[in-house]
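Colleague: Could you take me on a close look at one part of this model, and then show me how that part sits in the rest? I would enjoy one connected walk rather than a list.

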Amino acid sequence: MEGHPATIPTAPSGAGIRLPGVGVGLGRGVIVLYLSLIVMLPLAAVLDESLSGGIGAFWDAVTGAESMAALKLTVISSLIVVAINAFFGTIIAWVLVRDEFPGKGAVNALIDLPFALPTIVAGLTLLTLYGSESPFGLDIAFTRAAIVVALCFVTLPFITRAVQPLLMEMDREMEEAATSLGAGGFTVFRRIIFPNLLPGILAGALLAFARALGEYGSLILISGNIPFKTEVSSVFIRSQIESGNVAGASAVSVVLLAISLLLLIAVSLLVRWSASNQPGILSRAVNRIISRSQVGGGP
Amino acid sequence: MTARAPAKWGLRTLAFGYLGLLLLAPVGLIFWKTFEHGLGPPIDAMTSPDALHAIWLTLLMVAVAVPLNTVFGVGCALLLVRYKWKGNAVIDGIINLPFAISPIVIGLSLFLLYGNAGWFGPTLSEWGIKVLFSTPGMILASIFVSLPFVVREVVPVLQEIGTEQEQAASTLGANAWQTFWRITLPAIRWGVAYGVVLTTARVLGEFGAVTIVSGLISGQTETLPLFVAKSFEQFNEQAAYAGAIVLALLALTTLLLMSVGGRKAKASGPIPIAGDTTISMSNAKEGS
């Protein structure tokens, strides 16, 4: 096992004791049944429904004008949000690791608030500050800017939490050597710090992008859900269910699902690729982020 | 690199400015708006029949989904880590699926199974069982969205503790159940506790999936998050804010438990403390 002291002899494989009294086969059967009933059957129903009219109908549903507009809006706002949070998330990670200030522990704990806050509360909260009753007169409700702000909120912790552990484990000798050789602050960042943090930034960005693509709860109140203008894909799916076009809703769902599966595969490849430099750090960070990011809701 | 003073202050300004505008100001404002006129209005709003019913229904979701997913999660983690099987990789992939799917798609999937035109809907309604637009459907949605937490928290702990102590226990004559209760469960308890906290928090706050299967019937199929959304849409802002504050406080509690639990898990270390094990072992012998 990783990190185990070598003094403890490891058990020969296959010598694991039979833990639960019930048979392992029975246990496996129960697990497969549970997963089938709770997860696989419902998803199979979505896939089946999306193809109920044949592949042509599937394609028409996905490429329909309103569906395409929603998909485009979702992808473009998600890309903008990921870029914003890559910038600010890295700076926040830096300040939390390399800077000292009173209340650092509290700020560090607060970073996870967007992960823990139920998405509907996140949406309501943002609408209070950036809606028609904004105390600063910043009314952006029912605009595309509101979508970007809401997505920035719910994806805020991803990049910070992916970069933080890398920054903590980074060897400072390299930076000191570069500085003593005459490199300026920006050169040290560009040539030494940034390349070391890049796997974390990328992993956080991919996870944040996956989250933003499927986000629903935090957008429903603030985006206004105006077709062709502020209707994202998840809201489009809901409106199609309500208007009885379940096959169309399913087709767009399958597309969203396929994209997020591809993103997750990309993240695991990235983690494996970076493991040669920083064994285990990024992998642990990513696993932690995936669980934490789900607490308040969202894909 | 020790940042020079201007750079340091520049970075601080950017970090705190962003956090302040995006996180602190909105959350602070909603607290202020709720308690603007004292404690009375929010308490009134949360004790209305609809609000109380929403709270009760939300707790019911937790009471069903959390124990089910905990038992499933611990059992599944044990099988995945301790027993090699060709299907383990597939099971592992399926377990993580709910985290890759938009909640709205999860809602749709249940709608397709249990709706009037769904796979199971017609048969179940012949038997007089109503799943969609009633409590069972909402429970299924809650179970679906919160399924991976316990497995994901327990698997790494099980991998780290290894099997030495379990083997020692069985060598000393403990049977499988005794080994599980006295050795394995105490060793993974913080992982399980962590998973339970995350599962509970998710079930309490779930909105997207539940919204599709609930049908939004006030006083019947409304959980607290749905109550917040409906109150806001009906311009009952006081009730919406009060409900949001209850959920926000629960989220802050989760954050606190998460950081305490993280420290506990670290303090107890990858291998359970020797003293712990001795006690467990002597108990195991007494018990047998």
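What follows is a walk that starts at one helix of chain A and moves outward from there.

Modeller: Happy to, and please keep in mind throughout that this is a predicted model. Let us start with helix α1 of chain A, residues 24-50. This helix has 27 residues and reaches 37 Å from its first C-alpha to its last, close to the 39 Å expected at 1.5 Å a residue. Even so, α1(A) carries a kink of about 50°, centred on Ser36(A).

Now for the side chains' surroundings. The buried residues of α1(A) are Ile31(A), Ile38(A), Val39(A), Pro42(A), Leu43(A), Ala45(A), Val46(A), Glu49(A) and Ser50(A). What do they pack against? Within chain A, the partners are α2 (54-63) and α11 (246-274). From chain B come α3 (49-82), α4 (88-96), α5 (103-114) and α7 (135-146). The buried residues of this helix thus pack against elements of chain A together with elements of chain B.

That brings us to the interface as a whole. Here 87 residues of chain B are in contact with 81 residues of chain A. On the chain B side, the largest share comes from helix α1 of chain B (residues 5-35), with 16 residues. By class, the side of chain B that touches chain A divides into 60 nonpolar, 15 polar and 12 charged residues.

A single residue gives another view of the two chains meeting. Ser234(A) is found in helix α10 of chain A, residues 233-242. It counts as buried because it has 27 C-beta neighbours inside 10 Å, where 20 or more are needed. Leaving out residues up to four places away in sequence, Ser234(A) touches Gly214(A), Glu215(A) and Tyr216(A) in chain A, and Ser102(B) and Ile104(B) in chain B. For a sense of scale, the C-alpha atoms of Ser234(A) and Thr179(A) are 55 residues apart along the chain and separated by 49 Å. The C-alpha trace of chain A spans about 65 × 65 × 35 Å along its principal axes.

Let us return to one of the partners of α1(A), namely α3(B). Inside chain B, α3(B) packs with helix α8 (residues 148-161) at an angle of about 35°, with the axes 8 Å apart. The crossing of these two helices is right-handed. On the α3(B) side, the contact is made by Asn69(B), Thr70(B), Gly73(B), Val74(B), Cys76(B), Ala77(B), Leu78(B), Leu80(B) and Val81(B). The α8(B) side contributes Val150(B), Val151(B), Val154(B), Val155(B), Leu158(B) and Gln159(B). By class, that contact has 11 nonpolar, four polar and no charged residues.

Another partner, α7(B), is preceded by a loop with a backbone detail to look at. Phe133(B) lies in the loop between α6 (121-126) and α7 of chain B, and has a positive phi of about 60° although it is not a glycine. Most residues other than glycine have a negative phi. Phe133(B) counts as partly exposed because 18 C-beta neighbours lie inside 10 Å. Chain A offers a counterpart in Phe142(A), whose phi is near 65°. This residue sits in the loop between α6 (119-130) and α7 (144-169) of chain A. With 19 C-beta neighbours inside 10 Å, Phe142(A) also counts as partly exposed.

One more stop in chain B is Pro42(B), in helix α2 (residues 40-46). With 21 C-beta neighbours inside 10 Å, Pro42(B) counts as buried. Apart from neighbours within four places in sequence, Pro42(B) is in contact with Thr34(B), Phe35(B), Ala242(B) and Ile245(B).

Finally, here is the wider setting. Chain A has 12 helices and zero strands, and chain B has 14 helices and zero strands. Of the 299 residues of chain A, 47% count as buried, while for the 288 residues of chain B the figure is 48%. Among contacts in chain A between residues at least 6 apart in sequence, 80% join residues at least 24 apart. In chain B, residues 24 or more positions apart account for 76% of the contacts with a separation of 6 or more.

Terms used
Residues numbered from 1 in each chain as written. Chains lettered and ligands numbered in written order. Predicted model: local features only at pLDDT ≥ 70, side-chain atom pairs only at ≥ 80, totals over all residues. Contact = placed C-beta atoms within 7 Å. Helix = DSSP H or I, 4+ residues; strand = E, 2+ residues; numbered from the N terminus. Nonpolar A, V, L, I, M, F, W, Y, C, P; charged D, E, K, R; others polar. Buried ≥ 20, exposed ≤ 12 C-beta atoms within 10 Å, placed from the backbone. Expected span 1.5 Å × (residues − 1). Bend = angle between axes of the 7 residues up to and from the residue. Axes fitted to C-alpha atoms, helices over the stretch in contact; angles between N-to-C directions. Left-handed = near helix turned anticlockwise from the far one by under 90°.
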